[in-house]
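Work through the exercises below with the sequence and the model at hand. Each task is followed by a solution in steps.

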Amino acid sequence: MTTALAEPAACPLEDYLSEPDHSMDTRIAAARRALGDRLLILGHHYQRDEVVRFADITGDSYKLAMAGARSKAEFIVFCGVHFMAESADVLGRSGQQVILPDLNAGCSMADMAEISQVEHCWEQLVKLGITDDSGKGIVPMTYMNSTAAIKAFCGERGGLVCTSSNADGAFRWGFERAKKVLFLPDQHLGRNTAYAMGIPREDMAVWDPFQIMGGNTPERLRKARVILWKGHCSVHQRFLPEHIDKVRAKHPGIKVVVHPECRWEVCQKADALGSTENILKIVREAPRGTKFAIGTEIHLVNRLAKEMAAQDKLVMSLDNTGCLCTTMFRISPQHLCWALENLAQGNVVNRIVVEDEVKQWARVALERMLDIRGGAVLAKAV
Ligand code: 13P
Ligand code: SF4
């Protein structure tokens, strides 16, 4: 369980929300200067330009979790979404405080697995004799995009957390310990990773939390090597194989790079898969003149397109309607300014606190993740 401590603020949020974006810049910069090295601002690659330009470190979930865990700053202001801030609190030092500038910045995928549903699924697997409660028969593994309670659930049962940059390493870790993996909550990342590691789709079952026995027969569950939770990212699920056909027909030779949260059919057609950080790396390291269609959130794509224009590389979104993560978008310059000016005045607002009993096992699962490298299995050469 997480508590968000919204303490009474000297500067009320309402005073900021009606101000124009650009008027926040000098105020954010001044508050940041005043806080000095007591403050670390982390910014995910999906953040808006007006916000991410103030981040001390930008990155994917793995890089930001690592940066938070290594930081000695008193305050970590997380420009990202709730599960990222929770993880920073779990991995943080004692006395460190993590702030999420807008508490409404959640993740619809993380919301697709509730701890009570996961516990129910596990009970069924125990009843079927697939595992004992300690996870002897199946390793529970959760994508970073999940609540701290689910991370703790996995940690306590011999499992771990992974991100899109080390999911293959995490699967290998799991299969060294058991014959099966339960993967939460993104079916696509789980399927894409397991398939890339040579596990055929018929050896994977999908667990639908709204159906009896997850919509499976006992035989199906007993036979499956991977059980995938039926969750997805509504942003990445919008990319379709026909988008790839269309862009290739229009721009012969174009390279398609997508995030592994995209559906299997899209990942199969793409030239390369990568976490947000790896997508940037692939495009930045490509020769001049290369063209790219990118299947991920639009803020990353637009920023990369601007940056790469100088190198004569064309970067466009795979779906020209543009895929926006509305929860990442909630972190506005107004919210960031409000959080920082309050901090500078000694008021901690929107602090994210994970309860101690959850923290203990969530930390075990996250620390296992930080030790794991990966990415090579998912990546294909462009
Ligand atoms: P990354 O770890 O690749 O940044 O992914 C996080 C995320 O939420 C993508 O939708
Ligand atoms: Fe969650 Fe999808 Fe947004 Fe990533 S892009 S934070 S998975 S809703």
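**Exercise 1: positive phi**

M213 is found in the loop between β9 (204-207) and α10 (218-223), where helices (H or I, at least four residues) and strands (E, at least two) are DSSP runs numbered from the N terminus. The model is predicted, with local features needing pLDDT of at least 70, side-chain atom pairs counting only at pLDDT 80 or more, and totals for chains, interfaces and linings using all residues. Residues are numbered from 1 along each chain as written, chains are lettered from A and ligands numbered from 1 in written order, and side-chain values use heavy atoms, without hydrogens and water.

Task: find the sign of phi at M213 and at N350.

Solution.
1. Most residues other than glycine have a negative phi.
2. Phi of M213 is near 50°, a positive value.
3. N350, in the loop between α15 and β15 (351-354), also has a positive phi, near 55°.

**Exercise 2: a helix pair**

Task: describe how α2 and α15 cross.

Solution.
1. The axes (lines fitted to C-alpha atoms over the stretch in contact, with angles from 0 to 180 degrees between N-to-C directions) of α2 (residues 25-35) and α15 (residues 333-344) come within 9 Å and cross at roughly 35°.
2. In contact (heavy atoms within 4.5 Å) are R27, I28, A31 and L35 of α2 with residues of α15 including P333, L336 and L340.

**Exercise 3: ligand 2**

Task: list the residues around ligand 2.

Solution.
1. Taking residues with a heavy atom within 4 Å, the list is Y46, C107, S108, M109, N145, C233, V235, H236, E261 and C325.
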